[in-house]
Amino acid sequence: MSKAVTQNSCSYCTPLGASLAFKGIENTITMLHGSQGCATYMRRFLISHFREPIDIASSSFTEETAIFGGGQNLHLGLDNLSSQYEPELIAVASTCLSETIGDDLNMHISEYKKKKAGQPIPEIIAVSTPSYKGSHIEGFYIAVTELVKHFSEGKSSPTGPVNLFPGMVSCEDLRYLKSVLHAFNVPYIMVPDYSETLEGGNWKNHHPIPPGGTPVRALARTGIARGSIEFGQVIDKKQSAATYLAEKRGVPAAMIPIPIGIHCSDIFFKTLEEISGTSLPTEFRQTRGRLVDAYGDAHKYVFGKRAIIYGEDDFVLSIASFLLEIGMQLAVCGGSGRGVGFKDKLVDLVQANDGEMPIIYEGSDFKEVELAAMQKGGDIFVGNSKGYKISRSFDIPLVRIGFPIHDRVGGQRIHHLGYKGTLYLLDLITNEIIRTKQSLSSVAYSYI
Amino acid sequence: MPAIDILKARQTQVYEKGRDHFTIECNKKSLSGAVSQRACVFCGSRVVLYPVADAVHLVHGPIGCAAYTWDIRGSLSSGPELHRLSFSTDLNEHDIIHGAEQKLERSIRELAAKYKPNAAFVYATCIVGIIGDDVDAVCRKMTKELDIPVIPVHSEGFKGTKRDGYKAACEALFKLVGTAEPEAIEPLSINIMGEFNLAGEAWMIRKYYEKMGINVVSVFTGDGRVNDIKKSHRASLNVVQCSGSMLGLAKMMKEKYGTPFIRVSFFGIEDTSNALYEVAKFFKNDKVYEKTQALVKREVGGIYPKLLEYRKELQGKKAAVYVGGAFKAFSLIQALRVIGIEVVLAGSQTGTPEDYDTLKRLCNEGTIIVDDSNPVELSRFSLEKQADLFIGGVKERPMAMKLGIGFVDHNHERKIALAGYEGMINFAREVHATVTSPVWSFYRKKAWYE
Ligand code: SF4
Ligand code: SF4
């Protein structure tokens, strides 16, 4: 029989991902439809990673709400948010509680709009995100898909912009992606873009909603795009914004891996070449060259080292591909989401590289990762900071990347993507391996 | 009511001393759409019970409630560390439609077999309250089957506020109290309540009392053990810290076992000393009293000169204080005064009407007092009142720092001991480090190109 209890979960709930995605839309505030605790806990969780003010409202269910439905609370919440935050968009995400009592968000919202007919109110969007629909990453995808469903207009046009759906990446990654698209000289719409809202400068005055994000009006134009690029090989089609636009608006979709490592980054840049009609700018050729050269510099230190990696499914897939490229092996791979075909993709990847077959978990918790690590052993953990305890108990170093990073500063600034991000990850991992070797050595070598 | 736009329904929860004359409304449910800094009933229960380190804490519900609270507090244990693990029944759609009693049962069984805990606490979260699992029945059954107390904690998030969570936790603990007898009954004995051993604070405080010749039977719940809790009804006195969280248990113990209680705070020089003297007075024992005097003299003498040094540099600075319980706010106001800082904004998530009366008394004219506040209010008032320092929890930290206001974490998640005498020095050091840091000058000055 399968286990009943989940220990030290690697995944978080759907509304967390949705809230994060909505942070990347300009002048938007999120409200979770449910009780107060969920919103507060998620704020705390996100704040500990981004170290920025993050407001997520709650419709604050009471016992009466749970019995009679959340319509009234929702309306009151919308009123209060409108007056305190003056947002352009209010994004309402359901929670387990509102879903379980069968509360109909869309009905409440259309009633609200009726009630307010003739008065100026913000745009309102609702997403259905009970936690049993998936983990945080699925919540993220659901939110992005819902945004384009709600706002996109028109039909694909060859002169339209490029849509980029990067998924859950760091603020630094988002800024990098923008600079890449800029270099390709192609108009684009990136959804979402929390690079400024979740890593902004200091403030002179309080901003109820931090500046930055994809403008709401830009979302309409995702429908006339010439093409969409979405990072994700194992996204459920129903949760894929690019797939939706392909089906409804005829926008060609490229579903490609998260660009980490040479192979995955090559796919990204090739796709960009095709879609923009601009050939790869020199700076990227140079960076790719440097990356290849750096692989050479690092190869001996990392060769045969065995990694335990965990995180969101697509993230794990790309990291796995990168580590195999540099001659490392995979001992354990724990995917936290509900990706479609995650395991098969990983098995194919390992076989194609003649690698050691790792223990693979889908929808894993840290207890499973721990047990697997105990069985397989390993030289390095690669993943978010939540693996720290296991890494410490095994006395195996941890390289912190991905989300969340709760015990270091700068998690929001880690650059993972493209040739340049890969260079950074390569240095990080190689140096950690060197550091371990150095500290275990009886001689204090100052050349390695 | 001060002159920023506050949500109408919140106007009775914001008060400016010297200008307003009304009773602050509190213990209300949070307002829909206001970004409350509060968590939920479950949070209250978990805060109180969590440090019991030889029990498993199983969160019955969907994954979030457990995942977000995994190891978020700095409660230390000198032995087992079961409290630092996160266990969830991770309810899925099937469980929600068909009920999850079986899954709960299996989960408890798995955990008992694997970790051999001395008790299990089963937290019922929101969904459980809706799908109607009979958690009590499952717990009864498992108690029999496993021969350890398996205790339900009714902490459905929407059924009240954090205070109701405290109450549920006290009820859960009360089920353990009195279920075992100590070998010997010590006359000079106390329980310490509402002390959660963040960064080892309970150990420090326990040591003070032991030096006074007092026997500490049980600490609720810092570095807590099931067996100590069971025997705690034989202590002569309950020493209750922190406004709301454990007063309920003290009252229940008084009613059933006749154990008297006193309310104290271990934060700041004055309050810590009072907490020790009050206990000494209670026992009317000369030896104890003498030892207490000597202890206080030694400890205060040890840190006072250093505090004065800090005071010299901090004199005249202004602070905003927003914490969970109002009692903590009282202590903070006094402790800050010791190092020369006045409070210009004070508030709590869970204060009672009496608490707010006390706050009004303690504060200076012009101080703003808030109940269940939100980031918009907190940041605007901090700016308006020109606070140099904000004392709060993780959620307030980035808000304050973004505006160039120093910050000290005084929440359950901190890793620095702030209680007792040593804690006071740590506190002063923390305040000093953040208030006098040169980094804020870059926030205030214009950039060269501006
Ligand atoms: S589901 Fe309920 S108990 Fe769990 S965090 Fe949310 S409000 Fe609290
Ligand atoms: S109830 Fe659902 S939405 Fe709320 S924290 Fe728990 S898992 Fe997440």
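This report looks at a ligand site and some salt bridges in a predicted model.

Because the model is predicted, local features need pLDDT of at least 70 and side-chain atom pairs count only at pLDDT 80 or more, while totals for chains, interfaces and linings use all residues. Residues are numbered from 1 along each chain as its sequence is written, chains are lettered from A and ligands numbered from 1 in the order in which they are written, and side-chain values use heavy atoms, with hydrogens and water left out.

Let's begin with ligand 1. Residues from chains A and B surround ligand 1, so the site is shared between chains. Among its neighbours (a heavy atom within 4 Å) are Cys38(A), Tyr41(A), Cys40(B) and Phe42(B). The shell has six nonpolar, four polar and no charged residues; here Ala, Val, Leu, Ile, Met, Phe, Trp, Tyr, Cys and Pro count as nonpolar, Asp, Glu, Lys and Arg as charged, and the others, Gly among them, as polar.

Now to the charged pairs. The whole structure holds 26 salt bridges over all chains, each a side-chain nitrogen of Lys or Arg within 4 Å of a carboxyl oxygen of Asp or Glu. Three of them are listed here.

| Salt bridge | Closest N and O atoms |
|---|---|
| Asp193(A) with Lys178(A) | 2.8 Å |
| Arg400(A) with Asp407(A) | 2.7 Å |
| Glu201(B) with Arg414(B) | 2.6 Å |

Asp193(A) and Lys178(A) are both buried (under 20% relative accessible area; exposed is over 50%, partly exposed in between, with a 1.4 Å probe and protein chains only). Arg400(A) is buried at 13% relative accessibility, whereas Asp407(A) is partly exposed at 30%. Glu201(B) is buried at 4%, and Arg414(B) is buried at 7%.
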